[in-house]
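Thanks, everyone. I will talk about pockets, one helix pair and a cavity. Have a look at the structure first.

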Amino acid sequence: MNAKKDRTDRKKIPWYIKSRMWLQALFFVITNGYVAGFLNAKIYKGELKRICVPGLNCYSCPGAVGACPIGALQAVISSAEYKFSCYIFGFFLVVGTLLGRGVCGFLCPFGWVQDLLYKIPLGRKKDGTKRKNLPGHKVLVWLKYVVLLVLVLLLPMLVKTEYGAGIPWFCKYLCPSGTLFGAVPLLSGDEFLRQSLGFLFSWKCFVLVVLLLLSVFFYRPFCKYLCPLGAAYGLFNSFSLFRVQVEKDHCVDCGKCHQACPMDVDIIKHPGSPECIRCGLCVKECPTGALSLGVKGRPEKND
């Protein structure tokens with residue numbers, strides 16, 4: 001017992017877990033730092049736009065200095081000229097192998113927005129906590145894989161226009177990040193674009209508003225149930241280098257890690273769960289230092 005107490009007393013939380021919200025904000029500023037774009041309601045089209053950033057960062061955001069990997073993937077798949085991009089698939093392979101869904105926890109702008117909204121003190125239960133999941137959670141978590149397969153891959157690949165090109169279905173009909181960071185800022189500064197608005201924009205705004213409202217009461221509903229980028233990175237979680245590591249010899253089965261996990265992952269039983277976004281809250285709540293978050297084989301130690 002004394003050994004466990006000493007281990008708890010000497011427990012240190014890695015700086016990147018304690019500063020996660022600030023890191024999310026910093027990454028948003030870096031990847032959307034083209035201030036002139038916001039001021040002039042113009043999209044940056046320089047050479048940096050050829051490079052993908054890890055998170056769901058809309059190409060059409062006036063401040064975006066890089067491309068969204070999902071948008072870039074759809075651009076290739078739906079193209080009449082290109083059928084395959086070594087760069088895009090290599091990007092997913094490298095980033096996924098290194099970070100897995102750590103991208104969702106630390107580097108995604110829309111994930112950061114949902115985190116901020118969840119901090120609003122509304123919808124608390126009698127015990128003071130907030131609900132994590134929508135009803136039907138165990139079934140709904142599979143929906144993002146359907147979005148990835150159907151909207152991102154199959155429809156752009158198979159459904160072609162008369163000119164032989166496909167449509168970026170996810171970006172055009174669903175992506176809330178594109179609406180929030182791309183469409184809204186552009187429309188606010190361009191009267192001509194506002195005059196051409198129609199049903200599609202109303203639909204995208206409806207999707208955005210619903211997801212933002214749900215984010216106040218439930219943790220990251222878009223990430224959990226609809227995000228194809230999270231689905232893609234989740235496929236790498238079981239072997240990504242940046243991950244939660246468990247020292248079961250020090251675990252006392254208190255269940256505090258599962259209670260703390262906003263993604264509702266039992267990290268002791270499923271350390272490689274595709275739902276884990278590597279936020280580190282389980283590490284912070286573990287009373288014995290049995291959990292660590294870091295590079296596989298060289299974790300940030302808790303003692």
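Start with the largest pocket. Its volume is about 750 Å³. The model is predicted, so keep that in mind throughout. Which residues come closest to the centre of this pocket? They are Cys-58, Tyr-59, Ser-60, Cys-171 and Gly-178, out of 31 residues in the lining.

Now the elements. Five helices give two or more residues each to that lining: α5 (69-77), α6 (86-99), α11 (169-173), α12 (176-188) and α14 (199-217). Which one gives the most? That is α12, with six residues. By class, the lining of the largest pocket splits into 21 nonpolar, six polar and four charged residues.

Next, the second largest pocket. This one holds about 590 Å³ of space. Its lining has 22 residues. Closest to the centre are Tyr-118, Tyr-219, Ala-260, Pro-262 and Leu-281. At least two lining residues come from each of α2 (15-18), α3 (20-31), α8 (109-118), α17 (256-260) and α18 (281-285). How do the lining residues of the second largest pocket divide by class? Eight are nonpolar, three are polar and eleven are charged. Set that beside the largest pocket, with its 21 nonpolar and four charged residues.

Back to two helices from the largest pocket's lining, α5 and α6. A packed pair is described by the angle and the distance between the axes. Here, the axes of α5 and α6 come within 9 Å and cross at roughly 150°. Left-handed or right-handed? The crossing of α5 and α6 is left-handed.

Who makes the contact? From α5, we have Pro-69, Ile-70, Ala-72, Leu-73 and Val-76. From α6, we have Ile-88, Phe-89, Phe-91 and Phe-92. The class count for this contact is nine nonpolar, no polar and no charged.

Last item, the enclosed space. How many cavities of 30 Å³ or more are there? The count comes to one. About 80 Å³ of space lies in this cavity. Its lining includes Val-244, Val-265, Ile-267 and Ile-277. Cys-261, Cys-276, Cys-279 and Cys-282 are there too. Met-263, Arg-278 and Gly-280 also belong to the lining. By class, that makes nine nonpolar, one polar and one charged.

To recap the volumes: about 750 Å³ for the largest pocket, about 590 Å³ for the second largest pocket, and about 80 Å³ for the largest cavity. Over to you for questions.

Terms used: Residues numbered from 1 in each chain as written. Predicted model: local features only at pLDDT ≥ 70, side-chain atom pairs only at ≥ 80, totals over all residues. Heavy atoms only, no water. 1 Å grid on protein atoms, 1.4 Å probe; cavity = no way out; pocket = protein on both sides within 12 Å on 5 of 7 lines; lining within 4 Å. Points joined across faces, edges and corners; volume = space filled by probe spheres on them. Helix = DSSP H or I, 4+ residues; strand = E, 2+ residues; numbered from the N terminus. Nonpolar A, V, L, I, M, F, W, Y, C, P; charged D, E, K, R; others polar. Axes fitted to C-alpha atoms, helices over the stretch in contact; angles between N-to-C directions. Left-handed = near helix turned anticlockwise from the far one by under 90°. Contact = heavy atoms within 4.5 Å.
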